[in-house]
Amino acid sequence: MTHPQAPSAAPPPSVPGSRNTGLDRARAVATIAMVMGHSLDAVLSDAARDGVGMVAYWSLRAVTAPLFLFVAGWAFATTVQRTGAQGASVLRRYLPRVGLLLGWGYLLRWPGWGLPLLFAGDVAVWRHFLSFDALHGVAGALLLGAGMLSVVKGRAARMGALAVLAVLLPLASPWVRATVEAGGWPLALEQALVSRTSNFPLFPWAAYFFVGGLAGLWLTEVKRVSHWLCLMSVGTVILVLMTLWGGDPRGSDPTLVAWRVGLLSVAAGLAMLLPSRLDRLMAPVGRASLWVYVVHLPLAYGWSTFAGLASRVGRSQDVLPALGLALSVLTVSLAIALPAKKLYGRWRGRGRNSESAHQHRPHPEPTAPPTAPSTPLPSGEGRGEGSGAPRLSQ
């Protein structure tokens with residue numbers, strides 16, 4: 001008598017959807033603009049900065065960091081939604097990423113030139129070391145976003161929560177700044193929240209991250225209209241409204257954030273409009289943005305006791321030589337970061353494959369009792385099925 005075939009355990013459902021190539025283009029543009037902007041800032045002379053073209057560029061350069069945070073929030077929110085992560089699993093996925101970003105951020109600000117003062121408790125050196133830069137800002141916003149999305153379920157509810165955070169942070173920035181400046185706060189927390197010695201404190205800079213998350217969740221359901229057109233249309237409307245209202249970007253945090261959101265929406269739309277034939281070149285750059293950031297900062301500004309262009313060359317170059325140096329920094333950064341990212345991906349892949357093979361290793365079949373007749377197990381029984389959740393893209 002034959003035994004019926006036992007049903008095998010179903011494998012985990014695959015993650016739907018493919019990579020958003022438009023998002024990869026926007027991330028690549030943000031990364032390249034960041035490297036070029038930092039490099040030019042390190043070497044461009046004061047006289048060259050006063051030129052008409054450079055004045056216009058410097059005005060537009062103000063959108064580079066917001067765009068960087070915007071695309072980071074976009075990638076985060078859409079990945080969480082696509083994988084269906086909820087509850088504590090969201091935090092488990094992203095807490096290591098938060099730790100990695102903070103670790104790199106503080107390492108890049110390590111004051112090797114002032115260690116005696118650091119260990120002596122000098123406030124100025126500690127303010128430098130604890131200042132929030134772009135990586136810190138992304139880490140802080142990622143922690144807040146992961147905590148919020150772990151509690152809130154459903155696309156519409158998550159969009160509402162992201163919108164609240166995006167509006168609340170700029171509105172609350174003046175009050176939080178006044179409260180912190182009144183004193184009594186730990187220096188690390190002061191630097192993270194609003195300190196003016198930090199380049200990217202959470203208030204209001206994390207707002208751009210949450211705007212990006214909101215845009216990403218919204219665009220996932222837009223099927224019949226090009227995403228670049230949606231972003232450019234929203235950005236144009238915001239800029240027109242701000243122009244008609246006459247809001248001064250220097251007047252308050254909310255008006256400044258509104259202007260920058262309009263500009264970065266247009267910039268992201270233009271980046272997504274780039275030809276698809278560039279995807280093979282741009283997608284790896286966008287996915288390696290963290291690696292590029294970590295590599296290029298020491299080259300442009302130096303690290304610890306290592307002198308970068310800012311110290312070796314200083315603000316001494318005219319426009320064309322400065323552009324040449326900036327392109328050199330970009331080339332070297334990509335030449336180091338892209339292979340490093342690829343090797344890291346292979347190492348991670350081998351680790352995952354080894355773990356998966358261990359999970360799928362057949363268990364020894366139970367030995368029949370001496371008094372029982374020997375009966376073969378139906379096929380499919382006595383085997384463990386892997387159930388690891390799909391990992392998020394880096």
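Select S304 first: with a relative accessible area of 18%, this residue is buried, where buried means under 20% relative accessible area, exposed means over 50% and partly exposed lies in between, for a 1.4 Å probe and protein chains only. S304 is found in the loop between α15 and α16 (309-312). Its phi is near 55°, a positive value in a residue other than glycine. Most residues other than glycine have a negative phi, and most peptide bonds are trans.

The model is predicted: local features need pLDDT of at least 70, side-chain atom pairs count only at pLDDT 80 or more, and totals for chains, interfaces and linings use all residues. Residues are numbered from 1 along each chain as its sequence is written, and side-chain values use heavy atoms, with hydrogens and water left out.

**Helix α15**

Next, select α15 (289-301). Helices here are DSSP runs (H or I, at least four residues), as strands are (E, at least two), numbered from the N terminus. α15 has 13 residues and reaches 18 Å from its first C-alpha to its last, close to the 18 Å expected at 1.5 Å a residue; the expected span is 1.5 Å times one less than the number of residues. How many of the 13 residues of α15 are buried? Ten of them are, and the helix is mostly covered. The buried residues include Y293, H296, L297 and P298. Just after α15, select G302, which takes a positive phi of about 90°.

**The second largest pocket**

Keep α15 on display and add α1 (21-43) and α4 (64-83): each of these three helices supplies at least two residues of the lining of the second largest pocket. A pocket is found on a 1 Å grid over the protein atoms alone, as an open set of points where a 1.4 Å probe fits, with protein on both sides within 12 Å along at least five of seven lines; lining residues have an atom within 4 Å of a point. The volume of this pocket is about 750 Å³, counted as the space filled by probe spheres set on the points, which are joined across faces, edges and corners. Which residues are the closest to the centre of the pocket, of the 32 that line it? They are H38, D133, N199, L297 and Y301. The lining divides into 19 nonpolar, nine polar and four charged residues; Ala, Val, Leu, Ile, Met, Phe, Trp, Tyr, Cys and Pro count as nonpolar, Asp, Glu, Lys and Arg as charged, and the others, Gly among them, as polar.

**Helix α11**

Move to F203 and P204, which are joined by a cis peptide bond with omega of about 10°. P204 lies in helix α11 (residues 202-219). W218 is found in helix α11 too, and W218 is partly exposed, at 30% relative accessible area. Add W74: the C-alpha atoms of W218 and W74 are separated by 9.9 Å, although the two residues are 144 residues apart along the chain.

**Aromatic pairs**

A pair of aromatic rings is described by the distance of the centres and the angle of the planes. Rings of Phe, Tyr and Trp (its six-membered ring) pair if their centres lie within 6.5 Å; planes under 30 degrees apart count as stacked, over 60 as edge-to-face and the rest as tilted. By this rule there are 13 aromatic pairs. Select W110 and F129: their ring centres are 5.6 Å apart and their planes at 80°, so the pair is edge-to-face. The pair links distant parts of the chain, with W110 in the loop between α5 (88-108) and α6 (115-119) and F129 in helix α7 (residues 123-130), 19 residues apart. W110 is partly exposed at 29%, whereas F129 is buried at 14% relative accessibility.

Now select Y344 and W347, a tilted pair with 5.8 Å centre to centre and 35° between the planes. Being three residues apart in helix α17 (residues 319-359), they are separated by about one helical turn. Y344 is partly exposed at 28% relative accessibility, and W347 is exposed at 54%. Then select F76, Y94, F209 and F210, which ring pairs link into a cluster.

**Charges over rings**

Finally, select R61 and W58: R61 lies over the face of W58, at 5.1 Å from the ring centre. A charge sits over a ring if NZ of Lys or CZ of Arg is within 6 Å of the ring centre and within 35 degrees of the ring normal. The charged end of R312 likewise sits over the ring of F306, 5.4 Å from its centre.
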